[in-house]
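Me: I am new to reading protein models and would like to understand the words people use for them. Could we go through some together?

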Amino acid sequence: MRQFTKFSVLFGICLISTLPLRIFAQNGIWQKIENAGDYPDAHIVTIFDSTNVDVRDSGLSYVHFHRLIKILSEQGAVDKRVLTMNYDPLSAYVEIQKATIYRKDGSIEEVDLGAVRDYPAPARAIYWGARQKMLELGRLQPGDAIEVRLFRKGFTYALLQQQADDERYVPPMRGHFYDIVPFWTDQPIKEKVYRVWLPEDKELQYQFQNGEVMSSIEFMGDKTLYTFTKKDLRPFTKEPNMVAATDVAPELLLSTSPDWFAKSRWFYGVNEDYGSFEVTEPIRRKVEEILQGADSDDEKIYRLTHWVADEIRYSGLSMGEGEGYTLHKGSMTFRDRCGVCKDKAGMLVTMLRAAGFESYAAMTMAGSKINDIPADQFNHSVTVVKRDDGTYQLLDPTWVPFVRELWSSAEQQQQYLMGLPEGADLKTTPISPPEKHYYRINGTSKIHENGTLTGQFELEVEGQSDARFRRMFVRQFKANWDAFFQKQLLSQFPQMQINALQYDDPYDYSEPLKITVKYRIPDYAVITDSHIIFTPLVASNVFYHRYLNDHLFINTDLKEREYNFRTRCSKLIELNETIELPDYEEAGYIPQLSSVSGSGAAFEGGYQLDGQKIKLNQRITLKKRIYEPNDWPSFRKAVVSQKQLAKEKVVLKR
Amino acid sequence: MIYKNTRLFKENMTMKWFYCLMILVGTFASNYATTTEKKMTENADAVYLNILKEYRLNEDGSWTYHQKHQLKILTYYAFQRRYGETFVIFDTLKQALKINKNMTTMADGKKVKSPDNAFNKVLPRFAQRSPAYNHLREMVITHTALEQQAVINLDYELLNSADFLPAMMDDIVLTEDAPIRQLTVRLIVPDGHTLNYQLLNSNAQAKDTIVDGNRVVEWQLSNLSAHHQESAQPPAKDFQPRMIFSTAAHWNALLKPFHEQWVQAMHFEQPPQMDWNGSQTELDSILAVQKVVVQQLEDINVPLAKAGFSFRSAANVWKSAAGTPLEKAIVMSAILHNAGIKAHPVLVSSTKMLAAEVPDLSTYESAQVQVKPRSHQTILLSVNALNNQTMAYRWAGYPALHLGNDQIERIQIEANGNIDHGSEMNIHLMVDKNWDITGHFLLHLQGLSYPYLALYTDRISPNQILKDFNIENVDIDHFSEEKMVMKGTISGTLMHEPMGKYTQSFIPESEYGLKKLGIPTLTVNRNNALKLPVSNFADRLSMKMELPQSVKAIMKPVHKRTKNAVGSVEIEIRPRGKSLIVNRSFSLQNNDVSVKDYPSLLELWRLWHSETFKTLLFEKRDR
């Protein structure tokens with residue numbers, strides 16, 4: 001009876017997975033294609049997108065995809081001329097099962113599946129053997145439609161030993177199933193259906209966020225069928241500098257994992273069982289060498305974190321069996337002196353343990369938020385170390401090479417899950433105070449009677465502001481260092497004669513980075529018999545570079561925002577300059593701006609005319625990394641104020 | 001005896017002097033070597049201790065490229081970001097890669113052989129989305145155990161079947177982005193076999209010997225400085241040590257089979273049906289075909305040499321809707337041929353410096369289409385993007401292979417006549433008491449910076465040529481392939497940046513003047529020459545602005561004029577009665593700016609871009 005029920009369910013899945021075609025066959029698929037509708041700005045329209053997932057007791061899933069897509073533009077025809085599927089052969093199997101082209105002229109072409117190519121995917125930095133399957137559909141034209149059937153079994157990550165049959169495709173948390181299904185799109189979809197058949201004894205938690213979906217549950221023998229349907233999906237409209245679309249767009253999350261604690265314990269166990277953190281003699285000797293003379297826990301943690309950050313380069317070689325969530329053994333990473341984030345995290349755990357600390361690995365999601373449903377929403381791995389007071393300190397050896405931090409504040413307001421023996425809940429990293437990431441320019445200058453400006457300024461940066469500047473050095477050839485900074489200055493002040501450009505060794509990050517510039521700029525100020533007109537140099541966006549001062553490139557034209565937005569890090573900007581002036585009678589126009597203070601940002605400062613000198617003092621505080629829409633007014637005003645002082649001129653009457 | 005003693009004394013003294021001299025010479029040589037070494041590596045992130053590049057032709061026509069090197073890592077950048085992997089691209093059907101050694105000697109002398117998982121074959125990114133080139137692979141050789149002062153030891157051979165290339169040939173720049181202490185280049189062919197070669201931009205002498213029945217030609221180059229790419233520099237092939245060689249007996253031996261392949265490829269059994277509606281002239285048809293090729297055939301950017309100088313037929317490319325630049329050029333030529341329009345692919349070299357007596361296809365890299373419409377001069381078109389203007393201006397004087405019906409010819413790209421390039425604009429504006437502006441303009445555009453084809457096909461409107469104001473009533477006085485004269489009316493405001501009773505406004509600039517020449521932000525010093533797309537370029541503006549009584553320009557009258565070896569800049573801003581007169585002109589004579597002349601270009605560039613001379617300042621007075 002049980003066998004029969006299984007067969008029935010399987011048959012049901014097959015039946016349902018072919019259902020749209022059958023219906024279309026009856027009603028006339030051509031009619032559906034012709035009636036797909038007008039979407040003037042779209043390149044394609046997906047008439048239906050159907051996914052059917054059959055989950056086995058082991059957690060292994062069989063996934064059938066069935067899609068009908070109509071080509072609407074030449075661009076759409078080019079985009080769809082090949083069909084590709086990515087997969088990791090250690091954990092997944094994929095198959096292109098059918099591809100049919102419905103030509104605009106009424107003809108139908110079945111694409112020869114013998115032409116499917118299976119090959120190693122292009123790769124950089126991570127070489128884990130990822131593969132692709134590709135089928136060329138060839139020349140398509142607007143009005144044509146393609147119907148494809150694809151199949152995948154397995155999991156996204158490889159963790160288990162290679163074994164016969166389907167065993168290798170069983171997910172790492174054996175018996176558990178999870179999925180994240182986007183219900184948002186950049187091209188219109190008329191109907192999207194996701195169905196999952198789960199063994200009746202598995203409890204599914206699911207959440208549909210940022211929108212609505214039609215859902216149903218049916219009990220079919222020893223399986224439960226969950227169906228999620230949404231019609232008329234329109235392209236998701238993004239706002240500039242918004243958070244990841246996945247944070248705010250409609251998405252379905254499903255998981256059978258009971259809670260984060262279970263996930264945490266599993267992550268702890270999988271690495272301990274593998275022996276990821278075993279301390280070998282060469283590692284022990286290296287740790288002793290690194291810690292020679294270190295007399296505090298802080299100093300030991302600092303040295304070990306930075307040794308791993310700087311000496312273990314980011315490059316992923318496959319460990320074969322177990323690649324995925326399993327951290328490479330410390331001995332492998334130490335021998336190769338390379339690894340990806342998880343391997344660097346594992347190396348640090350190993351070294352901290354060798355130094356007598358209690359340390360574990362953790363998982364996080366860089367770039368987007370983790371929703372509170374225990375699905376695998378992770379793309380990055382880090383380290384935690386237990387301090388004497390019982391708290392865990394986060395360390396990220398992947399994000400702090402040549403950074404004066406142990407945990408990158410570019411990862412503030414980010415969720416993480418520690419892999420602890422007792423389990424842990426999902427946590428969020430705190431906001432890092434802007435003062436820890438100051439960007440300070442102090443300058444003195446003199447305007448001469450002929451309009452020439454002479455002077456100097458010193459830039460001092462700390463925290464993530466320091467990291468941004470330091471990367472401009474340590475991520476390019478030494479031979480290009482001076483040229484890079486010359487370009488920054490000359491793009492803003494083409495006439496600048498740089499008399500000195502000084503900086504400390506950027507590879508030595510024991511102190512905040514300082515850059516000193518001494519300069520002379522002919523014809524900088526406009527000086528006539530009646531006026532002196534100029535913008536102080538330090539106010540003029542000295543380093544106007546998208547990476548160094550990303551906030552200046554945020555589109556401030558938007559009056560309000562619908563979604564959360566982000567910068568790279570909280571930041572305090574202090575701009576100070578004292579300018580010695582030629583003789584003048586009175587102020588003609590001195591730019592003045594109101595102070596700004598709000599939940600997102602603050603701005604204060606301006607000019608003070610003091611006899612033969614004018615002083616600029618500006619202070620802009622960008623309070624966080626991830627902002628809410630109601631933070632936008634103050635953030636926008638603060639940034640606009642800085643930009644305004646950069647372009648307005650001081651006018652003095654003579 | 002005395003004589004003898006004296007002689008002995010003298011001999012002793014001579015020997016002492018000799019030893020002293022030897023010590024001095026030795027010390028000097030040692031210091032010199034140390035200084036040279038120090039100078040060579042002081043700004044380096046790594047240094048090649050030695051490199052061997054050996055090409056060996058076998059009797060059966062197959063050949064082997066053998067590379068062996070030792071690279072010493074000096075900085076974190078070197079091992080974290082630059083030299084951690086070596087990438088070798090090869091054709092799995094016609095080449096075989098053999099890695100003899102991949103080992104790192106760590107700073108303490110420990111030798112670490114790379115593990116088996118350090119060798120990963122992937123698909124080269126440029127071969128994505130193309131089954132036709134799916135047999136290409138990129139071997140990623142990861143160097144493990146890297147740290148500062150470690151030495152990478154790599155030794156590999158690439159075995160080429162006899163039919164991969166029509167001859168053993170290459171055109172390679174010998175410098176790297178790290179200095180090289182010792183470089184050996186070796187060419188080996190069976191004795192009696194043709195070998196043409198030329199070493200350019202280097203004085204190194206070849207050693208030509210016969211060893212075991214093979215002719216061995218070898219060069220030793222020492223202490224080569226690192227070469228770092230700078231923006232807008234000429235191709236490294238123009239000035240860096242470079243080796244060109246070929247075992248082809250003569251050009252025809254290469255070009256004949258290439259021509260046969262091309263003739264086959266051009267044959268289109270069922271040429272695509274083009275919609276010629278709207279094509280009133282041949283140029284309309286040509287540009288319509290270019291649009292189809294650019295927009296309907298995906299770019300597969302496999303370099304010609306990596307494809308073994310082979311390509312698919314026009315029919316196959318059309319069917320797959322994707323092609324390499326040469327394949328797309330063939331499709332475009334074939335469609336135009338079928339329409340009765342003369343069109344031919346051309347393969348253009350990025351360098352004018354050729355070794356004419358060395359038959360080598362590797363030098364010709366980019367594929368375009370040369371076409372002669374009736375009533376127009378010959379134009380050169382891209383297959384990857386819609387052109388604003390013929391590319392002949394950009395590539396004038398460059399060597400190319402012209403794939404003709406009867407043969408493949410070596411030609412030079414020619415531009416239409418010897419014209420000047422640039423923009424000249426005359427503007428007359430009137431400002432009223434509300435700071436509002438009305439007026440008219442006359443604009444001349446010519447040569448490279450003139451978007452003739454874009455205007456011809458209405459891809460851009462005349463309004464986009466001058467963005468600072470509202471443009472209306474546009475009238476085109478003259479519209480030919482070489483130049484255009486356009487006039488129209490202007491409206492706008494002076495209140496671009498109001499500051500109390502003051503305002504600042506930027507002097508208008510043609511969008512197709514200097515802005516389109518692509519001069520990058522210049523640095524104070526430069527190691528390499530700078531190359532611009534054209535010579536004889538000028539951007540000129542002449543503007544008269546009539547001001548009401550209530551508005552006064554408050555700039556200091558200026559007249560700056562600089563003329564030097566590269567060109568000239570003149571900037572004049574002066575009041576004349578109630579008017580303000582603005583004249584700005586920038587001209588360049590030559591597109592090749594040597595390192596010696598670079599300060600002259602910098603001088604012009606600085607003056608031209610000075611904000612003080614691009615900004616107009618006004619004060620509103622109570623009248």
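Me: Why is Asn541(A) called buried?

Reply: Happy to help, and please keep in mind that this is a predicted model. The relative accessible area of Asn541(A) is 13%. Buried means under 20%, so Asn541(A) with its 13% earns the word.

Me: What is the phi of Asn541(A), and where does the residue lie?

Reply: Phi is near 50 degrees in Asn541(A), a positive value in a residue other than glycine. You will find Asn541(A) in the loop between strand 29 (531–534) and strand 30 (565–566) of chain A.

Me: What makes Ala125(A) partly exposed?

Reply: Ala125(A) has a relative accessible area of 29%. Partly exposed covers what falls between the 20% and 50% limits, so 29% puts Ala125(A) in that class. Ala125(A) also has a positive phi, of about 75 degrees, although it is not a glycine. Its place is the loop between strand 6 (117–120) and strand 7 (126–127) of chain A.

Me: How do you know that Cys341(A) is in no disulfide?

Reply: Look at the distance to the nearest cysteine sulfur, which belongs to Cys338(A) and is 13 Å away. A disulfide needs two cysteine sulfur atoms within 2.5 Å, so at 13 Å Cys341(A) does not form one. Cys341(A) counts as buried, at 11% relative accessibility.

Me: And what about Cys569(A): how far away is the nearest cysteine sulfur?

Reply: For Cys569(A) the nearest cysteine sulfur is that of Cys341(A), 20 Å away, and Cys569(A) is in no disulfide. Cys569(A) is buried too, with a relative accessible area of 9%. A search of the whole structure finds zero disulfides over all chains.

Me: How confident is the predictor in chain A?

Reply: The mean pLDDT of chain A is 93, and 94% of its residues reach 70 or more. Over residues 1–24 of chain A, though, the pLDDT is below 50; this stretch has 35 contacts in the model beyond near neighbours in sequence. Residues 157–164 of chain A also have a pLDDT below 50, with 29 contacts beyond near neighbours in sequence.

Me: Which domains does chain A have?

Reply: The domain assignment gives domain 1 (6–239 + 251–256), domain 2 (262–428) and domain 3 (434–653). The centres of domain 2 and domain 3 of chain A, taken over C-alpha atoms, are 37 Å apart. Their contact takes 16 residues from domain 2 of chain A and 20 residues from domain 3 of chain A.

Me: Now for chain B. Why do strand 9 and strand 14 of chain B count as paired?

Reply: Five bridges join strand 9 of chain B to strand 14 (residues 242–246) of chain B. Pairing asks for at least two bridges, so with five these strands are a pair. They run antiparallel, and Asp171(B) stands opposite Ile244(B) in strand 14 of chain B.

Me: What makes strand 9 and strand 11 of chain B edge strands?

Reply: Three strands of chain B form an open antiparallel sheet in the order 9-14-11. Strand 9 (169–173) and strand 11 (196–200) of chain B each pair on one side only, and they are the edge strands. The twist averages 5 degrees from one strand to the next.

Me: How many helices and strands does chain B have?

Reply: Chain B has nine helices and 35 strands. Of its 623 residues, 55% count as buried.

Key
Residues numbered from 1 in each chain as written. Chains lettered and ligands numbered in written order. Predicted model: local features only at pLDDT ≥ 70, side-chain atom pairs only at ≥ 80, totals over all residues. Heavy atoms only, no water. pLDDT = per-residue confidence, 0-100. Contact = heavy atoms within 4.5 Å. Buried < 20%, exposed > 50% of the residue type's maximum accessible area, 1.4 Å probe, protein only. Helix = DSSP H or I, 4+ residues; strand = E, 2+ residues; numbered from the N terminus. Axes fitted to C-alpha atoms, helices over the stretch in contact; angles between N-to-C directions. Domains from an automatic or database assignment.
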